[in-house]
Structure formats: C-alpha cells, structure tokens
Amino acid sequence: MYRLLIVEDEEYTAKAIQSLISRKCPNINTCGIAIDGSEALELAAETKPDIVVSDIRMSNVDGLEFVGRMREKGISAKVIILTGYAEFEYACKALKLEVFEYILKPV
C-alpha cells in the first residue's frame, strides 16, 4: 500500500482528490489532508508519505516552500503539484525541487 498526503486549502478540492484516488487506485491510502504547508510538513514527518499532491498558493507556507522543507528533512515522496497557476517561475522552482508532475487546474 502507498501512503498519500493531500495538501490543499480548499476543502472541496481536497475531498474530491481523496475520493477520486480511493475509487481509481485501491492500493493508495490517504494518510492525511493538510490545509497549508506548515501543517503538511508536520504530517509528512509523522506519516512518511510515498506520494504528495499539493497546491502551490496557500496561506502560511506555500506548496513549493513545503516541498523544499520536506526535501531538507529527507522525505523523498513523489510530489505532484496541482495548481491553477501556469507561471513559468513556479514550474522552474518545482523542477529544481524534483517534483514528479506539475498539473494545471482544472483537470
């Protein structure tokens, strides 16, 4: 079983991701849902997820900063950025953080 951490500040979107994954990927269990990067960092340290799906723009710690801090802590989860922002700067930073996939909303 793979462990999935969802990092999304919109509850509806987080629940939709969780529902879709549970229906389509029975070998993936959600180990947590966080509404910002600081909460996600705590959850990632506790649960050691295999996969992270994260938004970029959130309050407190944004998604890319969260990924950078997670990498510093040695957590090597595959990260999928799911965002509504097609800004080249974000994509470049995501590549440097070894993000697995960068997907634009709406999906």
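A disulfide is a pair of cysteine sulfur atoms within 2.5 Å. By that criterion, this predicted model holds zero disulfides.

**Cysteines**

The sulfur of C25 has its closest cysteine sulfur in C31, and the two do not form a bond because 15 Å is too far. The table sets out the values for both residues.

| Cysteine | Closest cysteine sulfur | Relative accessible area |
|---|---|---|
| C25 | C31, 15 Å | 23%, partly exposed |
| C31 | C25, 15 Å | 25%, partly exposed |

**Nonpolar cores**

In soluble globular proteins, nonpolar side chains tend to be buried together. Here the largest nonpolar core comprises 23 residues, and L5, V52, F66 and M70 have the most contacts inside it. Two or more residues of this core come from each of the elements β1 (2–7), α2 (37–47), α3 (63–72), β4 (78–83) and α4 (88–96). Another core, of nine residues, lies apart from it; L4, I6, I51 and L82 are among its members.

The surroundings of M70 can be given in detail. Beyond residues up to four places away in sequence, M70 touches L41, A44, V52, I75, A77 and V79.

**The buried aspartate**

Which loop holds D55? D55 is found between β3 (51–54) and α3. D55 counts as buried because its relative accessible area is 5%, under the 20% cut-off. With neighbours within four places in sequence left aside, its contacts are V7, E8, D9, G63, L82, T83 and K105. One of these contacts, L82, is also a member of the nine-residue core.

Technical notes
Residues numbered from 1 in each chain as written. Predicted model: local features only at pLDDT ≥ 70, side-chain atom pairs only at ≥ 80, totals over all residues. Heavy atoms only, no water. Core = buried A, V, L, I, M, F, W, Y, C linked by side-chain atoms within 4.5 Å. Buried < 20%, exposed > 50% of the residue type's maximum accessible area, 1.4 Å probe, protein only. Helix = DSSP H or I, 4+ residues; strand = E, 2+ residues; numbered from the N terminus. Contact = heavy atoms within 4.5 Å.
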